[in-house]
Amino acid sequence: MSGLLAWSAVTALAANHPIGQLNVQSWAVGAVLATGAALLPDLDHPGSTISRTFGAISQGFSAGINALSSVVYRTTRLKKDSKRDGGHRGLTHTLIFAVFAAVFTTTVVQTSQKWALPVMMFLFAGLAVRGIMNDWCPRQDALWITLVSGGITWAMIAWTARTDASAAACGIAVGVGCVAHYVGDAITEQGCPMLWPIPIAGKTWFPVAPPKILRMKTGGVVEMAIVGPIVTILAVWLGLAALQNTGVLPFLRGFDLLPL
Ligand SMILES: [Zn+2]
């Protein structure tokens, strides 16, 4: 949901910029990509729910990312950095990764709109479905997720067939989704090393986090009863404002959703 909120906010607030003037199809493609991308960084944890999205295939991929992340952590940490393994909450939890993911997505979509975009849509729809339906159908879930994301991809591609999706918009969607994840980790966990490799207080993997009073427990009461609903309401509100920019919702024409 935080990925969707980030995408809605960027597209709604940038009304005077090309990213705020997408057609409705491009906006929807971006919404799926950003929602899925908000779970992408946790692919560095082979045991996480998200790594089981596509069964053994994604788990193997995740083990590879974990190993790479661990090597990068151990070779670039300073004396004051914690002695952890660094496979999880390492490389994929940095702004550099978000930029890399954005540029990579833009390049891939630019190179092959016809083939690459459906593949990306399928993978990110899988992550999005997995994220939203966490405990859903646990036994055959990889199969179910594959089917549901296949359906979403097919529907999106059929719908967008006549317009070109903007490759840059796809990249931005993936980038902001990743950043939404970092913010979520920073306020729920022991911080997020998003500024790597800038040394702060003698640490290249400095865990960026707000003061303790502004942090909450993962899955705790504050997250479920307060932050979750607020994020959802903001995502819907800003999503409507962004869709209003696309001109697809004529019944909203008279309303000023963003009185700024
Ligand atoms: Zn994370």
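## Helix packing and loop exercises

A201 is exposed, with 7 other C-beta atoms within 10 Å of its own. This opening fact comes from a predicted model, and so do the values in the exercises below.

**Exercise 1. Work out what stands out in the backbone of A201, and where A201 lies.**

Solution. Start with the place: A201 belongs to the loop between α7 and α8. Next, look at phi, which is positive at about 50° although A201 is not a glycine. Finally, add the surroundings: the limit for an exposed residue is 12 or fewer other C-beta atoms within 10 Å, and A201 has 7, so it counts as exposed.

**Exercise 2. Decide whether R89 is buried or exposed, and describe its phi.**

Solution. Find R89 in the loop between α3 (55-76) and α4. Its phi is near 55°, a positive value in a residue other than glycine. Now count neighbours: R89 has 25 C-beta neighbours inside 10 Å. Burial begins at 20 or more, so R89 is buried.

**Exercise 3. Find which peptide bond is cis in the stretch from W196 to P197, and place the proline.**

Solution. Check omega for the bond that runs from W196 to P197: omega is near 0°, and the bond is cis. Then place the proline: P197 sits in the loop between α7 and α8.

**Exercise 4. Describe how α2 packs against α6.**

Solution. Begin with the geometry. Helix α2 covers residues 24-37 and helix α6 covers residues 141-160; their axes are 10 Å apart and make an angle of about 160°. Compare this angle with the limit: over 145 degrees counts as roughly antiparallel, and α2 and α6 are therefore roughly antiparallel to each other. The crossing is left-handed. Now look at who meets whom: α2 brings Q25, A28, V29 and V32, while α6 brings I152, M156, W159 and T160. Sorted by class, the residues of this contact are 6 nonpolar, 2 polar and no charged.

**Exercise 5. Repeat the analysis for α2 and α7.**

Solution. Helix α7 spans residues 167-188, and its axis and that of α2 are 7 Å apart, at an angle of about 30°. Angles under 35 degrees count as roughly parallel, so α2 is roughly parallel to α7. As for handedness, the crossing of α2 and α7 is right-handed. On the α2 side, the contact residues are S26, V29, G30, L33, A34, T35, G36 and A37; they meet A169, C170, A173, V174, V176, G177 and C178 of α7. The class count for this contact is 10 nonpolar, 5 polar and no charged.

**Exercise 6. Work out which orientation α4 takes relative to α7, and what the contact is made of.**

Solution. The two axes come within 7 Å and cross at roughly 155°. That angle makes α4 roughly antiparallel to α7. In handedness, α4 passes α7 in a right-handed crossing. The residues of α4 in this contact include F97, A101, T105 and V109, and those of α7 include A167, G171, V174 and C178. By class, the contact has 14 nonpolar, 5 polar and no charged residues.

**Exercise 7. Test the length of α5 and describe its surroundings.**

Solution. Helix α5 runs over residues 116-132, a total of 17 residues. At 1.5 Å a residue, α5 should span 24 Å; its end C-alpha atoms are 24 Å apart, so the two figures agree. Turning to burial, the buried residues of α5 include L117, M120, M121, F124 and L127. The cover over the buried residues includes α2, α4 (95-111) and α6.

**Exercise 8. Locate P118 and V227 in their helices and name what each touches.**

Solution. Take P118 first: it lies in α5. With 17 C-beta neighbours inside 10 Å, P118 counts as partly exposed. Setting aside neighbours within four places in sequence, P118 is in contact with T153 and I157. The C-alpha atoms of P118 and I157 are 6.8 Å apart, although 39 residues separate the pair in sequence.

Now V227: its place is in helix α8 (residues 221-246). V227 has 17 other C-beta atoms within 10 Å and so is partly exposed. Not counting residues up to four places away in sequence, V227 touches M216 and V222. For M216, 11 residues from V227 along the chain, the C-alpha separation is 9.4 Å.

Note on methods:
Residues numbered from 1 in each chain as written. Predicted model: local features only at pLDDT ≥ 70, side-chain atom pairs only at ≥ 80, totals over all residues. Axes fitted to C-alpha atoms, helices over the stretch in contact; angles between N-to-C directions. Helix = DSSP H or I, 4+ residues; strand = E, 2+ residues; numbered from the N terminus. Parallel < 35°, antiparallel > 145°, perpendicular 65-115°, else oblique. Left-handed = near helix turned anticlockwise from the far one by under 90°. Contact = placed C-beta atoms within 7 Å. Nonpolar A, V, L, I, M, F, W, Y, C, P; charged D, E, K, R; others polar. Expected span 1.5 Å × (residues − 1).
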